Amino acid sequence: MFYLLNYFIQMKILLNNNDLNEALYNVSDLGFVPTMGSLHQGHVSLIKKSLKRCNKTIVSIFVNPTQFNKKNDYINYPRNNRRDLSILKRLKVNFVYLPKKNDVYFFKRKSLIKLPKKDRILCAKFRKGHFEGVIDVMDRLTKIIKPKKIFMGEKDFQQLYLVKEFIQKRYNTKIISCKTIRDTNKLAFSSRNKLLDKIELIKAGKISKEMILLKNKFVKSKNIKKLIFEKKKDLINSFDIKLDYLELRNILNLKSSNKIKDSKLFIAYSINKVRLIDNF
Ligand code: AMP
């Protein structure tokens, strides 16, 4: 009987805030997975965690224009709603929120979001205004959806760190961090991988493996700084990439680090204008 009932429970597609308010009326213990679509196994792992830990799960698909610092990057961002919806249906997600820009940006902020100086590092330094856009949209989505938990990936560690700091201070909502899911060649799943050709994907996989080897070398090294300095040169020469940063930082405060304990190696680079980020 339960299985029969489950079969008939339809995933609700919410196209605007009226749909959303109507559907979420009376829903408690709601898990929320914000995405920009073009779903992959990384997203699926977040969704499965939410389905397991919460009574109901809502996934949003919204390519947020305000977090793109380059217009072309926004225009070229991969989109595939039809495929995404069929994945979400198969996973038995309860609600999918597909807002238009006005559904999210219908109210004006009282105060502008500004990152403190200590946080203007890594991607905040290389993508001016990016995290201000991310925090703004996450603040708005949290206000609109009122979830109990939000599931976010460690793949975007700085985003997770900043959103957690902002949201948990202001809402009764918990941010749940989820492990990075990788392909067999160690490349982290990312919607942007769809913009790479076969050779570029192989290259990106090799760079991931280089990062894992480098991190292993840190264990016995007395001079981590030098190892990083040399690997930077090596990556640029061997892979023909534009390297934004390769840095070891403490995971608790994102301060620069020169010891392996509580630290992660952060990398951002572009292959043929496609910008990839990861951490190890
Ligand atoms: P995006 O659609 O790229 O905005 O990502 C939506 C969420 O999925 C974010 O919380 C990401 O950190 C997370 N995510 C993206 N890629 C991965 C991955 N390979 N493994 C785990 N989580 C991921």
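1. The buried residues of helix α11 (buried: under 20% relative accessible area, 1.4 Å probe, protein chains only) are covered by elements that include α10 (198-218), β7 (242-250) and β8 (263-271). Those residues are Ile 224, Ile 228, Lys 231, Leu 235 and Phe 239. They lie on the same side of α11 because they cover an arc of only 60° around the axis, taken from the directions from the helix axis to the C-beta atoms.

2. This is a predicted model, in which local features need pLDDT of at least 70 and side-chain atom pairs count only at pLDDT 80 or more, while totals for chains, interfaces and linings use all residues. Residues are numbered from 1 along each chain as its sequence is written, and side-chain values use heavy atoms, with hydrogens and water left out.

3. On the other side of α11, Lys 225, Phe 229 and Asn 237 are exposed (over 50% relative accessible area). Just after this helix, Asp 240 adopts a positive phi of about 55°.

4. The largest nonpolar core (buried Ala, Val, Leu, Ile, Met, Phe, Trp, Tyr and Cys residues joined through side-chain atoms within 4.5 Å) has 40 residues, of which Leu 20, Ile 58, Tyr 97, Met 138 and Ile 145 touch the most other members. Its largest share, eight residues, is supplied by α8. Domain 1 (12-178) and domain 2 (191-279) each contribute at least three residues to this core; the bounds come from an automatic or database domain assignment.

5. Apart from that core lies another, of 22 residues, including Leu 187, Phe 218, Ile 271 and Leu 276.

Conventions
Helix = DSSP H or I, 4+ residues; strand = E, 2+ residues; numbered from the N terminus. Contact = heavy atoms within 4.5 Å.
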